[in-house]
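Q: I'd like a close look at one charged pair in this model, and then a walk outward from there. Could you take me through it?

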Amino acid sequence: MSSENLLQQLKSENELLHIQLNDLNEMIGAREEELELLRKKAAHATALQSRLDMNLDEFYQMQDTIGNQQQYAEGAAQREASMEKELIQSIEMETQLYTLKDQYESTKAALADVSMELDKLASIHKELAALKSRITELESDLEIAQLEIGFLKEEVEKYRKEAE
């Protein structure tokens with residue numbers, strides 16, 4: 001082969017290689033664009049994953065906060081129920097106290113009435129004792145008077161018989 005032919009063939013191969021090289025460069029460029037797109041997608045996916053992780057952490061924190069608030073609310077509700085129960089018991093005790101106070105005042109008034117009646121009864125008993133004593137004295141005086149009348153009748157009868 002001649003050098004011209006060889007040169008022609010080399011040129012032609014060189015052009016073919018240039019074309020192939022250009023094709024490869026275009027393919028590499030397309031692959032690099034795809035790779036860049038994939039890197040961007042990967043970075044975006046990483047950012048989304050990071051955001052998702054942060055949102056998930058916030059969600060767990062919110063769940064904890066809600067749980068704590070629920071426990072606090074339950075505790076407050078229990079304290080409120082306990083205070084309400086104590087208040088009701090206090091009101092019932094106060095009502096019982098007023099009832100007992102009314103009963104005490106009523107009993108005190110009844111006792112004062114009974115005491116007055118007892119004083120009257122004691123006074124009446126003294127009067128009765130004095131009257132009994134007076135009755136006994138009068139009965140004694142009556143018996144004495146009857147005896148004297150009897151003696152006087154006998155004397156009058158004796159004087160009548162003597163006067164006759």
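A: Let's start with Arg-31 and Glu-34, whose side chains meet in a salt bridge at 3.5 Å, N to O. Keep in mind that this is a predicted model. Why can these two reach each other? Arg-31 and Glu-34 are three residues apart in helix 1, so about one helical turn separates them. In general, side chains of opposite charge can pair when their charged atoms come close. As for cover, Arg-31 counts as exposed, at 52% relative accessibility, while Glu-34 counts as partly exposed at 43%.

The structure holds four salt bridges, and two others are worth a look here. Glu-137 pairs with Arg-134, with the closest N and O atoms 2.9 Å apart. Here again the partners are three residues apart in helix 1, so Glu-137 and Arg-134 are separated by about one helical turn. Glu-137 is partly exposed at 41% relative accessibility, and Arg-134 is partly exposed with a relative accessible area of 41%. Then there's Arg-160 with Glu-157, where the closest N and O atoms are 3.9 Å apart. Arg-160 and Glu-157 also sit three residues apart in helix 1, about one helical turn, and Glu-157 counts as partly exposed at 40%.

Now back to the stretch just before your pair. Leu-24, Met-27 and Ile-28 form a nonpolar patch on the surface, with about 290 Å² of accessible area together. Ile-28 belongs to helix 1, which covers residues 3-163, and Ile-28 is partly exposed, with a relative accessible area of 44%.

Further along come the rings. The structure has one aromatic pair: Phe-59 and Tyr-60 are tilted, 6.0 Å centre to centre with 55 degrees between the planes. Phe-59 is partly exposed at 43% relative accessible area, and Tyr-60 is partly exposed at 43%. There's also a charge over a ring: Arg-79 lies over the face of Tyr-72, at 5.9 Å from the ring centre.

Zoom out and the setting is easy to describe. The chain has one helix and zero strands. Its C-alpha trace spans about 230 × 15 × 10 Å along the principal axes. The radius of gyration is 68 Å, whereas a compact globule of 164 residues would have one near 15 Å. Just 1% of the 164 residues count as buried. The accessible surface comes to about 15500 Å², with 59% of it belonging to carbon and sulfur atoms. That's the backdrop for the bridge between Arg-31 and Glu-34.

Note on methods: Residues are numbered from 1 along each chain as its sequence is written. This is a predicted model: local features need pLDDT of at least 70, side-chain atom pairs count only at pLDDT 80 or more; totals for chains, interfaces and linings use all residues. Side-chain values use heavy atoms; hydrogens and water are left out. Patches are made of residues with over 30% relative accessible area and no salt bridge: like charges are joined within 9 Å, nonpolar side chains (Val, Leu, Ile, Met, Phe, Trp, Tyr) within 5 Å. Accessible areas come from the Shrake-Rupley method with a 1.4 Å probe; for residues, only the protein chains shown count as cover. Helices (H or I, at least four residues) and strands (E, at least two) are DSSP runs, numbered from the N terminus. Buried means under 20% relative accessible area, exposed over 50%, partly exposed in between (1.4 Å probe, protein chains only). Rings of Phe, Tyr and Trp (its six-membered ring) pair if their centres lie within 6.5 Å; planes under 30 degrees apart count as stacked, over 60 as edge-to-face and the rest as tilted. A charge sits over a ring if NZ of Lys or CZ of Arg is within 6 Å of the ring centre and within 35 degrees of the ring normal. The radius of gyration is taken over C-alpha atoms; the globule rule is 2.2 Å times the number of residues to the power 0.38.
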